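Let's take a walk through this protein chain together. Have the sequence and the 3D view ready, and we will go from one packing region to the next.

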Amino acid sequence: MNSNEKNTALYEKMAAEQDTFRDWLKSQSPEEVLNHAYEYTIREDIVMAMEVLELTDAQAQALLDSPSPLADVYRHFEKLETGYMDVIRESIEERANEMHRVKEEQRAAPLYPHSAAYASEHGEMAQYRASLQASLACKEAIEQAISAHYGDNRLNTEAAVKEVLEQFGPERVQVILANTVLKKEHDGRISRDNKAWAKTIPMPEDGGDPRHSYALVVDKVNPGLTDLFVKQARKVLQPPEKGSVLEKLKQEPPERRPVTPKKREPER
């Protein structure tokens with residue numbers, strides 16, 4: 001056999017060896033399969049590499065002489081110190097940095113007040129799209145926060161609202177919630193107070209095309225839970241109430257010290 005034929009024969013021998021190993025794995029218990037998961041994956045990669053690798057005549061023959069060339073290569077690989085864990089660590093750090101950057105960009109993206117048509121006409125589509133993406137992410141974050149903080153028939157509204165506000169800021173959260181309530185105007189599970197509040201919130205223009213506003217409706221959780229979330233958000237977002245003038249007048253005046261009369265000088 002020439003070199004090319006030996007490489008082909010070696011690949012076929014390794015592939016057959018892997019097929020036998022796979023058939024053996026299928027007959028094992030789930031625990032045993034998990035114990036060999038790493039080995040199976042690496043062996044698959046070795047066979048894949050062998051499909052395109054061109055060994056010299058001597059190299060191919062040396063492995064062909066082994067009764068189990070795939071197992072031999074795997075055992076050798078196990079002894080090597082590779083940068084595999086370094087790649088894993090770098091992947092974790094890079095993904096964390098990317099997610100942090102996206103969150104910062106979402107929070108920093110200003111809420112675009114105009115419609116897509118206006119943005120297109122005024123060359124502001126980039127700002128419009130950035131705002132829309134942030135709003136979509138905000139809507140999904142609200143749904144996820146409600147699901148994550150609901151348990152034992154109770155929603156931890158304080159934690160859920162705090163989580164979303166920290167990520168997206170009050171203005172965008174307020175608009176997403178008001179938009180949701182307005183679109184659920186006939187839903188009896190939304191309180192009258194929340195419906196009245198939603199009507200007071202200024203909403204971005206839709207230019208007569210309400211598709212995006214419907215896409216921003218919180219609808220993957222029970223509306224009753226959404227109502228509780230809105231109620232808590234209103235509580236957090238509303239400014240502290242100032243006492244009325246009448247209430248201030250009713251308060252007792254502060255205690256005043258008696259004024260000491262001035263001594264009159266004797267007349268001359």
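Which helices do the buried residues of α5 pack against? The partners are α1, α3 (residues 37-52) and α4 (residues 57-64). Before we look at that corner in detail, please keep in mind that this is a predicted model.

A quick overview will help you get your bearings. The chain has 268 residues, and 31% of them count as buried. Its secondary structure consists of 13 helices and two strands. Take the contacts between residues with a separation of 6 or more: 73% of these join residues 24 or more positions apart. On the outside, the chain exposes about 19200 Å², with carbon and sulfur atoms supplying 52% of that area.

Now back to α5, which spans residues 69-79. Its buried residues include P69, L70, A71 and Y74. One of the partners named above is α1, made up of residues 3-26. The axes of α1 and α5 are 8 Å apart and meet at an angle of about 80 degrees. Because angles of 65 to 115 degrees count as roughly perpendicular, α1 is roughly perpendicular to α5.

Which residues make this contact? From α1 come L10, K13, M14, E17 and Q18, and from α5 come P69, L70, A71 and V73. Sorted by class, the contact between the two helices has six nonpolar residues, one polar residue and two charged ones.

While you are on α1, have a look at A16, which also lies in this helix. Is A16 buried or exposed? The answer falls in between: its relative accessibility is 40%, so A16 counts as partly exposed. A16 and L70 are 54 residues apart along the chain, yet their C-alpha atoms are separated by 9.6 Å.

Let's move on to the largest nonpolar core, which holds 28 residues. Within this core, I142, V164, L177 and F229 touch the most other members. The elements that give two or more residues to the core are α8 (125-148), α9, α10 (192-198) and α12 (223-237). The largest share, 10 residues, comes from α9.

L177 is a good place to zoom in. Leaving out residues up to four places away in sequence, L177 touches I142, W197, F229, V230 and A233. There is also a second, separate core of 12 residues, with A15, I42, L55 and L70 among them. You have already met L70, one of the α5 residues in contact with α1.

Next, find T157 in α9, the helix that covers residues 157-183. Why does T157 count as buried? The cut-off is under 20% relative accessible area, and T157 counts as buried because its relative accessibility is 17%. Not counting neighbours within four places in sequence, T157 is in contact with L228, F229 and Q232. F229 should look familiar, as L177 touches this residue too.

For a contrast, turn to Q133, which has its place in helix α8. With 51% relative accessibility, Q133 counts as exposed, since the cut-off for that class is over 50%. Q133 and A109 are 24 residues apart along the chain, and their C-alpha atoms are separated by 9.4 Å.

Notes. Residues are numbered from 1 along each chain as its sequence is written. This is a predicted model: local features need pLDDT of at least 70, side-chain atom pairs count only at pLDDT 80 or more; totals for chains, interfaces and linings use all residues. Side-chain values use heavy atoms; hydrogens and water are left out. Helices (H or I, at least four residues) and strands (E, at least two) are DSSP runs, numbered from the N terminus. Buried means under 20% relative accessible area, exposed over 50%, partly exposed in between (1.4 Å probe, protein chains only). Contact means heavy atoms within 4.5 Å. Accessible areas come from the Shrake-Rupley method with a 1.4 Å probe; for residues, only the protein chains shown count as cover. Axes are lines fitted to C-alpha atoms, for helices over the stretch in contact, and angles run from 0 to 180 degrees between N-to-C directions. Angles under 35 degrees count as roughly parallel, over 145 as roughly antiparallel, 65 to 115 as roughly perpendicular and the rest as oblique. Ala, Val, Leu, Ile, Met, Phe, Trp, Tyr, Cys and Pro count as nonpolar, Asp, Glu, Lys and Arg as charged, and the others, Gly among them, as polar. A nonpolar core is a set of buried Ala, Val, Leu, Ile, Met, Phe, Trp, Tyr and Cys residues joined through side-chain atoms within 4.5 Å.
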